[in-house]
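Me: I'm new to this one. Can you walk me through it?
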Amino acid sequence: MTLFQHVEFDHHELVQFCEDDSSGLKAIIAVHSTALGPAVGGCRMYNYCDEAAALRDVLRLSRGMTYKSALAGLPLGGGKSVIIGDPMRDKSDELLSAMALFIDCLGGRYVCAEDSGTTVADMRAMSRHTSFVSGLDAGSLHGGDPSPSTAAGVLKAIQVAVEHRLGCDNLRGKSIAIQGLGNVGFHLARYLTEAGARVFGADVNADHVNRATSELGITRVAPDEVLSLAVDVLAPCAMGAVINNESLASISAGIVAGAANNQLERPEHAQELRDRGILYCPDFAINAGGIMDVHCQRTGTRASELSSQLDLIGQHLRQILQRSDREALDTHSIAERLAEEILHSAQLAQAS
Ligand code: NAD
């Protein structure tokens with residue numbers, strides 16, 4: 001199979017394979033679209049089982065960024081990069097420098113930021129070799145880390161979904177299970193606890209789950225139980241493809257709303273959730289808080305404006321849920337249509 005025939009290729013503008021022998025870097029940069037602006041997206045470091053898995057992930061994530069930024073109303077395109085390796089074992093200054101130099105060669109078509117497996121400190125290290133790095137503004141709301149804003153956006157989405165499905169205008173007493181208590185999941189657990197929800201959490205990393213139980217008082221559940229808990233809301237905040245042929249039948253929550261990118265293994269799973277009476281909040285529509293934060297850092301926008309941008313996440317989700325009800329179509333398809341309408345208008349404007 002060639003790259004052009006790859007099931008996830010979807011007209012990517014650029015796919016770059018990056019290899020540097022001396023640092024051991026093996027990475028892929030994918031730019032899906034620059035129709036709305038430079039492709040800004042995280043640099044993920046993950047111990048992929050093989051290169052095919054890394055390629056599939058970066059193509060799916062990069063396309064997702066195009067849709068996410070379009071729907072969020074940001075003047076940004078979609079791109080992403082992945083470094084193949086274990087962040088705990090394989091990350092080094094030399095490796096990050098080599099990655100930064102590859103990004104620099106693209107002249108700004110791709111701008112990277114933190115993602116799973118990379119940190120603000122890593123972005124600072126990369127910024128010594130390229131200016132095409134975001135998410136390192138020490139003066140920003142969270143010292144450059146976009147994760148608290150991602151969690152704040154997901155919280156707004158959960159509030160809208162609970163109101164839509166359960167008719168409640170607050171989260172007091174609502175049961176919410178979070179899969180993944182990392183950068184986003186921990187902050188989400190904190191916001192939900194503050195809002196009076198009953199929070200359950202699971203993580204494969206013992207330190208992460210211990211921190212959330214001891215600091216926030218949430219209830220620990222086993223990683224293999226969290227998806228099937230009978231709760232009001234399931235919030236996937238770990239890795240992608242958690243909603244798949246195996247997990248679907250066991251999901252017992254009334255609402256699925258979390259930060260993880262590409263939660264559906266296949267788009268058809270959105271309709272299957274709908275058929276089971278589960279309200280699915282499309283990931284790329286509700287996890288845009290981080291890219292909004294990064295955009296504010298890039299443009300030097302004030303924190304108060306970031307807060308009103310985050311409000312848009314709830315407003316957009318409300319529109320998606322209403323249109324889904326009206327058109328009897330799953331929420332993922334509706335959100336994709338809305339993003340495609342925005343992209344199409346931008347392309348028409350560019351052509352005229
Ligand atoms: P992270 O790496 O800090 O946290 C992920 C957590 O999930 C880790 O603690 C990990 O141990 C845990 N985990 C992995 N597999 C698990 C499993 N099977 N069961 C339970 N826990 C598991 O990443 P993050 O920055 O918090 O991002 C979480 C998700 O949200 C990712 O999919 C990311 O792409 C997406 N996302 C993040 C941001 C952001 O601002 N950080 C923005 C948009 C989307």
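Reply: Here come the domains, one helix pair and the salt bridges. Keep in mind that this is a predicted model.

Me: Okay, domains to start. Which residues does the domain assignment give to each domain?

Reply: Domain 1 takes 3-59 + 76-126, and domain 2 takes 147-340.

Me: How far apart are their C-alpha centres?

Reply: The centres of domain 1 and domain 2 are 25 Å apart.

Me: And how many residues of each are in contact?

Reply: Domain 1 brings 10 residues, and domain 2 brings 7. Together the two domains bury about 750 Å². Carbon and sulfur atoms hold 56% of that area.

Me: Which three residues of domain 1 supply the most buried area there?

Reply: Val40, Arg44 and Leu76. They supply 45% of what domain 1 buries against domain 2.

Me: How many salt bridges cross that interface?

Reply: The rule finds 0 between domain 1 and domain 2. The overall count is 18 salt bridges.

Me: Show me one. What is the distance between Lys91 and Asp122?

Reply: Their side chains form a salt bridge at 2.5 Å, N to O. Lys91 sits in the loop between helix H2 (87-90) and helix H3 (93-105). Asp122 is in helix H4, residues 120-126. The two are 31 residues apart, so the pair links distant parts of the chain.

Me: New topic: helices. At what angle do H1 and H12 pack?

Reply: About 75°, with axes 8 Å apart. That makes H1 roughly perpendicular to H12. H1 covers residues 51-71, and H12 covers residues 331-351.

Me: Which residues of H1 make the contact?

Reply: Arg63, Thr66, Tyr67, Ala70 and Leu71. On the H12 side, the residues include Ala335, Glu336 and Leu338.

Me: What classes are they?

Reply: The contact of H1 with H12 has 8 nonpolar, 1 polar and 3 charged residues.

Key. Residues numbered from 1 in each chain as written. Predicted model: local features only at pLDDT ≥ 70, side-chain atom pairs only at ≥ 80, totals over all residues. Heavy atoms only, no water. Axes fitted to C-alpha atoms, helices over the stretch in contact; angles between N-to-C directions. Helix = DSSP H or I, 4+ residues; strand = E, 2+ residues; numbered from the N terminus. Parallel < 35°, antiparallel > 145°, perpendicular 65-115°, else oblique. Contact = heavy atoms within 4.5 Å. Nonpolar A, V, L, I, M, F, W, Y, C, P; charged D, E, K, R; others polar. Domains from an automatic or database assignment. Buried area = accessible area lost by both parts, 1.4 Å probe. Salt bridge = Lys/Arg side-chain N within 4 Å of Asp/Glu carboxyl O.
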